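Thanks for coming. I will put the structure up and then talk through a few parts of it.

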Amino acid sequence: MPGLLYAESSAAFKAALASQLGCAPSALDSESLVVVERPPDSREPHLALIASTGRGSVVSVKDPRLGDWARDQPLENHFRVFLPSFLEGLAAHARELGHGGARSHSPSEGMVLAQDLPLRDLPPGYRIAELPLAQQERLRPAREFENALAEPGEIAKIAAIRIVFAAYAPDGTLAGVVGVWDQYPEIDEIGIDVAPPHRGRGLATTLTIHATRWIREQGRWPIYTYGIWNIRSMNNGLSAGFRPLWLLSTVYLPD
Amino acid sequence: MASDYFFAALDRYRKSRAAVQGCSPGDFDTHSLVIVPRPDGPYLKSVLMALTFGTGTVVSVEEPYLEWVRANAPRDKHYRAMFPNVLLQPLAEEAARRGEMLAWRSPNLSFLPGQEPSARPLPQGFSAFPFGSEWRAEHFPSGEFHNALGELDDPAEEGFRYGIALMDGGTPAAVAGGWDDCDGLIEIGVDVARDYRGRGLGVAAVSAMAKLIADRGEIPTYYCGPTNVRSHRNALACGFVPVASAARAVRPRPTAGHPD
């Protein structure tokens with residue numbers, strides 16, 4: 001399926017990601033490992049970001065000494081920066097440098113849009129409407145819809161939310177929520193949750209397409225990410241017209 | 001769109017993984033974490049394997065670590081057992097306390113064909129050459145096709161069944177190998193020679209191999225490592241659908257270095 005739209009989406013995302021990492025977009029297609037320092041205006045807060053499109057990998061560091069360590073590692077291929085030995089080693093070196101508690105996070109995969117799909121019909125009696133801000137705030141502490149609404153402590157992510165849509169069941173209960181937030185300039189990320197009693201009816205894909213179309217109407221590019229182990233979320237992204245482009249991991253300081 | 005072929009293949013795959021894990025297929029659908037002792041068998045090279053189809057997670061672990069895992073596995077969300085820093089890394093640290101070295105591997109992805117595999121035209125100028133163990137033995141030592149023909153550091157690797165090579169005259173340009181994946185399932189490993197990359201030969205080789213496997217009455221499976229988004233895209237382009245993810249702890253092979 002990947003064609004012109006996938007190529008356009010990929011180019012837009014790679015440009016935005018490269019700007020946040022501090023490299024040229026071509027670094028993500030360089031078939032090599034590029035180590036850079038994070039620019040001061042980047043939105044990414046973590047000690048190290050490790051990104052790859054499979055065609056090139058970038059390690060972006062806040063502390064230049066971490067970059068020196070990364071350059072010194074004998075890696076057979078550029079994408080081996082995602083191996084546990086590299087990620088755990090980078091976190092351990094960060095701790096040695098005084099970044100107490102530094103930890104690595106296993107990779108997440110990200111997709112860009114490859115196909116504009118039409119809106120889907122909801123199951124009979126269901127409806128989608130914008131979820132007002134007050135209701136978002138009321139729902140957030142319970143964490144039932146944490147992918148869509150962010151977790152209570154995720155202050156920056158909450159502030160970046162652009163819109164939230166909810167799917168309501170025929171009896172008025174909340175069946176699913178999809179959130180859209182400003183991830184990077186020109187790039188919006190989608191987060192989705194469906195309440196367990198309402199799963200298996202295609203609501204996740206319907207809500208994801210709904211959010212995707214809204215983002216496209218704003219003239220922005222949608223992205224969709226998930227943990228590599230999350231088969232259901234991955235298949236939802238595929239069903240909504242997305243295709244994988246990149247992997248991202250971090251070395252971070254827990255709150 | 002998933003097909004009858006896909007659902008039949010998925011059913012067989014789930015049953016085979018349940019046998020390998022030592023659980024029942026229904027344990028994959030509990031929306032909870034199921035912890036079972038790891039049975040003996042030829043497919044069991046891991047000390048621990050956490051496997052999910054997205055609707056529950058089954059952790060299968062060797063007996064000496066069973067009680068430790070039961071005491072230390074996450075209790076809130078089943079899929080957190082897939083997070084290396086939640087279960088696998090602490091297990092490796094526990095093993096070190098016991099004087100044993102364990103390493104862990106991040107979650108991989110398992111794929112099955114979304115439709116019954118069908119023949120696709122080969123890129124112009126290439127021919128398909130099905131091969132067996134003799135051809136593999138001849139080409140294995142180059143190391144160029146290690147995903148298809150096996151790793152150089154494990155020359156005694158058992159389980160190779162058959163394969164298909166896309167030939168440019170007498171030169172193998174892309175090779176897909178088929179490996180025993182339990183109960184009539186055949187795992188595809190593929191490599192494209194460096195000089196031939198960027199011509200769609202990976203997709204052509206996997207598609208041809210999937211058709212060859214299906215023609216023999218077996219079911220193709222495809223796996224990609226957590227680091228390999230390019231392989232993930234290749235699987236999708238070949239019509240494969242992601243069905244499961246597995247993370248594991250292993251004993252490093254003495255000759256293999258870190259088992260990454």
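Helices and strands here are DSSP runs, at least four residues for a helix and at least two for a strand, numbered from the N terminus. With that naming, Glu186(A) lies in the loop between strand 7, residues 174–184, and strand 8 of chain A. Keep in mind that this is a predicted model.

I start with that residue for its backbone. Phi of Glu186(A) is near 75 degrees, which is a positive value in a residue other than glycine. Chain B has a case to put beside it: Cys182(B) is not a glycine, yet its phi is positive, at about 85 degrees. Cys182(B) also sits in a loop, the one between strand 8 (171–180) and strand 9 (185–192) of chain B.

Now the sheet in chain A. In what order do its strands run? The order is 1-3-2-10-4-9-8-7-6-5, in an open sheet of 10 strands with mixed pairing. Strand 1 (33–37) and strand 5 (127–130) of chain A are at the edges with a single partner strand each, so each has one side without a neighbour in the sheet. On average, neighbouring strands of this sheet are turned by 25 degrees against each other, direction ignored.

Take the edge at strand 5 of chain A. Strand 5 runs antiparallel to strand 6 (residues 161–168) of chain A, and 4 bridges join the two. Within that pairing, Ala129(A) stands opposite Ala166(A) of strand 6.

There is also a helix to point out. Helix 8 of chain A, residues 231–239, lies across strands 4 (103–113), 8 (187–194), 9 (221–227) and 10 (242–252) of chain A. Its angle to strand 9 of chain A is about 160 degrees.

Last, the interface. How many residues does each chain bring to the contact? Chain A gives 33 residues and chain B gives 31. The area buried between the two chains is about 2600 Å², and carbon and sulfur atoms give 61% of that.

On the polar side, there are 7 residue pairs in polar contact between chain B and chain A, counting pairs with both residues at pLDDT 80 or more. The count of salt bridges between the chains is 2. One of them joins Glu146(A) to Lys77(B), with the closest N and O atoms 2.7 Å apart.

On the side of chain B that touches chain A, helix 3 (84–97), helix 7 (229–237) and strand 11 (240–250) of chain B each supply at least two residues. The residues on that side of chain B divide into 15 nonpolar, 12 polar and 4 charged.

Note on methods:
Residues are numbered from 1 along each chain as its sequence is written. Chains are lettered from A and ligands numbered from 1 in the order in which they are written. This is a predicted model: local features need pLDDT of at least 70, side-chain atom pairs count only at pLDDT 80 or more; totals for chains, interfaces and linings use all residues. Side-chain values use heavy atoms; hydrogens and water are left out. Contact means heavy atoms within 4.5 Å. Buried area is the accessible area (1.4 Å probe) that two parts lose on being put together, summed over both. A salt bridge is a side-chain nitrogen of Lys or Arg within 4 Å of a carboxyl oxygen of Asp or Glu. A polar contact is a pair of N or O atoms within 3.5 Å; within protein, one must be able to donate a hydrogen and the other to accept it, and residues adjacent in sequence count only if both atoms are side-chain atoms. Ala, Val, Leu, Ile, Met, Phe, Trp, Tyr, Cys and Pro count as nonpolar, Asp, Glu, Lys and Arg as charged, and the others, Gly among them, as polar. Two strands pair if DSSP finds at least two bridges between them. Axes are lines fitted to C-alpha atoms, for helices over the stretch in contact, and angles run from 0 to 180 degrees between N-to-C directions.
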